[in-house]
Structure formats: C-alpha cells, structure tokens
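Please open the structure in your viewer and keep the sequence panel visible. The tour proceeds by selections, each followed by a short account of what is found there.

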Amino acid sequence: MATELEMSESNPDFDLIQNSASTKKLISSEPRTYRKSNILDDTGENMGVCGIVLYAISIFLCVVLFPIAVFMIFKIVRQYEKAVIFRLGKVSKEAKGPGLFTYLPCTDRLVVVDMRTRSFDIPPQEILTKDSVSCRVDAVVYYKIQDAVMSQCNVVNVSHCTKLLAQVTLRNMMGMMTLTDILMDRDLISKRMETILDEATDPWGVKVERVELKDVCLPVNLQRAMAAEAESARDAKAKVIAAEGELNASKALKEASDVITDNSTALQLRYLQTISSIATEQNSTILFPMPIDMSSAFLKNDSDA
C-alpha cells in the first residue's frame with residue numbers, strides 16, 4: 001500500500017494506468033452472480049389469530065351469500081398473464097393462472113401481471129469515450145417478467161427501474177471503450193450489456209432477452225474528418241492502381257514493339273489493321289501514312305544531285 005501511494009504521488013499517470021487496468025479487468029471478468037432474495041421467508045401459513053378469524057368470516061360470508069358471491073370469488077386470467085394474490089397483506093407462494101381459479105374478495109387482493117415480452121427504447125445518451133470522443137448512442141431492450149411474485153414484491157415499478165438501469169449500463173459500458181471499439185464491436189457490446197442487465201434484474205424476476213444498439217451519432221466535425229480520411233485513402237489506392245496499370249501497359253507495349261521490330265510483316269499487318277479500323281467509323285477523309293522507306297529513297301536522290 002505504501003509503495004502504491006509513493007508511486008501515485010511521484011507519477012501522476014500511475015492512477016490513470018491503474019484505472020485503465022481495472023477497467024479492462026472489469027470488462028473481461030466473468031459476470032457477477034446476484035443472489036435472489038427469498039421474499040417468501042416472511043410469508044408463512046401462520047396468519048395469526050386475527051387473520052384466522054377474518055379468513056373464517058370471509059369463508060362464512062361466501063357460503064351464506066353463495067348465489068351472489070359465486071360471481072365474485074371466481075377470477076379468469078388470460079394465457080399470457082399471472083395473478084399474484086396478497087392474502088391479508090402476505091403474498092402467496094405461487095402466482096395463479098392462467099385460467100379459472102377462486103379467491104376470497106374480503107381478504108385477498110389480486111395483482112395481474114403481464115408475462116409477455118416487452119420493449120423500450122433507451123434515449124440517446126451523451127457518451128464520452130475512453131479516447132475522449134463525444135458521441136450519442138441509443139439502444140433498444142427486449143425483456144419479459146418470468147417471476148410475477150418477485151416482480152411485485154422486490155421492486156416498485158419494474159419497467160421504470162429496468163429502463164433506468166439500462167441507461168446507466170449503456171453509459172458505463174460506452175465510457176470504458178474507444179470509438180473504434182464501439183463502431184466495430186457492436187454485437188459484442190450488445191451481448192455484454194444483455195448479460196449485465198439480465199444478472200442485475202434477476203432478483204426482480206425479469207429476464208432480459210435481447211439488447212441491440214440502434215445508432216451511434218458522431219459530431220459533424222468528426223464525421224467530416226473521417227470522411228476526408230477515407231477519401232484520401234481511396235485516392236491513394238486509386239493512384240497506386242493507376243500506376244500499376246500504366247506499368248503493366250508499358251511492359252506490354254515494349255514486348256509488342258520487340259515483336260514488330262523482329263518481323264517486318266507484323267508491322268504491315270498492324271498498318272492494315274489500323275486502316276481497317278479507321279474505315280469502319282464512316283470517315284469522309286482517310287490519311288494514308290507514307291512509308292519511311294519511300295521517303296528515304298527521295299532524300300537519297302536529292303543528296304546525290
């Protein structure tokens with residue numbers, strides 16, 4: 001401890017290196033295990049004397065007023081719903097449903113929970129990445145309630161709490177990564193975020209099924225800089241390709257000139273081919289080049305004279 005304190009005082013970058021190492025360890029570490037709180041520890045069958053008396057009175061009233069109470073003691077929940085029963089304030093061990101079941105209106109309170117998959121959008125979050133680049137990131141989360149009892153007893157407004165937790169998790173994860181990692185490893189970020197949210201919401205009876213990053217918005221000046229860099233890279237690559245093409249063309253022309261030089265008939269064939277290509281273009285005037293041998297003969301006669 002003393003050694004680390006001395007190094008921190010002598011080298012201001014030591015804290016930054018230590019924080020970076022701890023951040024990397026946090027990202028690569030195994031997911032933490034959250035312990036489920038046993039909410040049924042305080043929900044025994046013992047309701048006390050007053051509870052037993054009220055329960056007996058409720059049953060007696062239902063029997064006496066059976067023709068009327070028959071419409072009140074039955075409850076139907078849909079296939080995708082569960083009913084959590086609070087009897088005299090204490091939750092039942094298991095949620096009821098789907099289908100038809102009975103309950104006592106005098107002593108029981110029903111809370112119907114939708115078990116279908118839900119989704120919500122994480123609002124765009126202003127993120128400062130590890131390499132000090134500001135950007136805006138938004139995502140979408142799909143989740144469902146897998147334990148109706150825990151979702152009612154362990155958290156207040158499970159949807160709101162899950163949404164806030166997703167926002168904080170997104171900001172924390174993006175702040176520990178560079179811009180390049182965010183742009184290239186979006187699938188890895190989604191999987192990691194899904195694991196973290198699933199573990200954190202497990203005591204609430206929530207199952208996070210999927211997390212997807214929707215968009216990464218960069219500042220305009222950064223977009224221009226990245227576009228200019230990409231354009232420069234494309235121009236450089238185009239110049240290299242053009243230079244390689246000209247080099248290959250010059251080599252081919254040199255080889256062709258060597259073949260024509262060695263064989264005079266090849267030169268005459270090339271000459272006739274050129275005239276044929278000119279004639280096919282429907283030109284009114286065709287120029288016939290004079291062979292150099294004829295002009296050299298005239299030049300020789302002039303010099304002799």
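The stops below cover a surface patch, a peptide bond and several loop residues.

This is a predicted model, in which local features need pLDDT of at least 70 and side-chain atom pairs count only at pLDDT 80 or more, while totals for chains, interfaces and linings use all residues. Residues are numbered from 1 along each chain as its sequence is written, and side-chain values use heavy atoms, with hydrogens and water left out.

Begin by selecting helix α3, residues 48-64 (helices are DSSP runs of H or I of at least four residues, strands runs of E of at least two, numbered from the N terminus). This helix gives the most to a nonpolar surface patch, with seven residues. The patch covers about 1,200 Å², and its members include Val-49, Phe-60, Val-64 and Leu-88 (nonpolar side chains joined within 5 Å, from residues with over 30% relative accessible area and no salt bridge, that is, no Lys or Arg side-chain nitrogen within 4 Å of an Asp or Glu carboxyl oxygen; areas by the Shrake-Rupley method with a 1.4 Å probe, only the protein chains shown counting as cover).

Next, select Gly-97 and Pro-98, which are joined by a cis peptide bond with omega of about 0°. Pro-98 lies in the loop between β3 (90-91) and β4 (99-102).

Now move to the loop between β6 (118-128) and β7 (134-145), and select Thr-129. Is Thr-129 buried or exposed? Its relative accessibility is 4%, so Thr-129 counts as buried (buried is under 20%, exposed over 50%, partly exposed in between, with a 1.4 Å probe and protein chains only). Among its contacts (heavy atoms within 4.5 Å) are Cys-135, Met-174 and Ile-182.

In the loop between β6 and β7, select Ser-132. Ser-132 is exposed, at 58%, and has a positive phi of about 60° although it is not a glycine.

Finish at Asn-157, in the loop between α5 (148-153) and α6 (158-175). Asn-157 has a positive phi of about 60° and is not a glycine.

How values were computed
Patch = residues over 30% accessible without salt bridge, like charges linked within 9 Å, V, L, I, M, F, W, Y side chains within 5 Å. Lists of a residue's contacts leave out its neighbours within four places in sequence.
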